[in-house]
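Trainee: Could you take me through one part of this model in close detail? I would like to see how a single residue sits among its surroundings, and then what lies around that region.

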Amino acid sequence: MKIPVVILAGGRATRMGGLDKPLLTLCGQSLLSIILDRLQGQGGPVALNANGDPARFASYDLPVLPDSLPDFPGPLAGILVAMDWAAATGARQVVTVAGDTPLFPRDLVAGLAGAAGPQGLALAATRDGAGSRDHPTFGLWPVDLRDDLRATLARGQGRVRSFTARHGAVQAIWEAAPFDPFANINTPQDLALTEARLAAL
């Protein structure tokens with residue numbers, strides 16, 4: 001069974017004025033369209049974690065999965081939704097990708113799966129001269145962690161890195177040159193920079 005993928009887009013995007021970041025346009029395409037293109041051939045079925053009216057994503061023909069917890073508790077809430085959805089499909093693992101990061105590697109799923117250690121949990125990271133930097137919204141998650149994750153969030157503990165460290169996460173490393181493929185879009189300036197990078201590819 002190919003590993004299912006969930007695109008995380010459940011945040012409030014306050015630095016983008018509350019706009020739906022996956023629907024922002026880059027080089028004539030939405031971020032979501034670019035992300036879906038990069039996922040082609042990488043994994044199994046794809047779903048979108050997003051809150052609010054799902055009709056705005058109707059043209060993409062994706063399952064839209066809202067957070068199961070109130071008040072936007074952060075990326076771990078989206079990861080929990082991803083785990084629950086994947087488990088319902090019979091999958092034992094799920095990959096998550098950020099909905100505001102359109103230039104992630106085209107071998108993301110294979111790289112995460114190849115790096116996963118005994119605990120089965122792997123997070124994307126980039127390497128440059130200063131060392132490595134992890135990108136925990138890009139991860140491979142065993143779905144049997146979902147009950148512990150649910151309990152963790154119920155205790156008000158929403159830090160991704162604390163949860164992943166407790167479960168023996170390992171890094172799957174990509175090079176940061178010529179640019180960090182996991183650089184995300186938080187501001188209009190980030191959008192312009194990413195558009196320039198995408199146009200140069």
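Mentor: Happy to! Let's start with D134, which sits in strand β8, spanning residues 131-142. Keep in mind that this is a predicted model. The side chain of D134 forms a polar contact with the side chain of R161, at 3.2 Å. R161 also appears in the list of residues that D134 contacts once neighbours within four places in sequence are set aside; the others are L123, A124, A125 and Q171.

Two of those partners lead us onward. L123 and A124 are also touched by L112, along with V95, A122, F138, G139, L140, A172 and W174, again not counting residues up to four places away in sequence. L112 belongs to the largest nonpolar core, which has 28 residues, and together with I7, V95, V97 and L108 it touches the most other members. The elements giving two or more residues to this core are β1, α1, β4, β6, α3, β7, β8 and β9, so the strand of D134 is on that list. Helix α1 supplies the largest share, four residues. Apart from this core lies another one, of 23 residues, with A47, I79, A91 and L145 among them.

W174, a contact of L112, takes us to the second largest pocket, where it is one of the lining residues. The rest of that lining is R38, L103, P105, E175, A177, P178, F179, P181 and L201. By character, the lining divides into eight nonpolar residues, two charged and no polar ones. The volume of this pocket is about 160 Å³.

Terms used: Residues numbered from 1 in each chain as written. Predicted model: local features only at pLDDT ≥ 70, side-chain atom pairs only at ≥ 80, totals over all residues. Heavy atoms only, no water. Polar contact = N/O pair within 3.5 Å; in protein donor to acceptor, adjacent residues only side chain to side chain. Contact = heavy atoms within 4.5 Å. Core = buried A, V, L, I, M, F, W, Y, C linked by side-chain atoms within 4.5 Å. Buried < 20%, exposed > 50% of the residue type's maximum accessible area, 1.4 Å probe, protein only. 1 Å grid on protein atoms, 1.4 Å probe; cavity = no way out; pocket = protein on both sides within 12 Å on 5 of 7 lines; lining within 4 Å. Points joined across faces, edges and corners; volume = space filled by probe spheres on them. Nonpolar A, V, L, I, M, F, W, Y, C, P; charged D, E, K, R; others polar.
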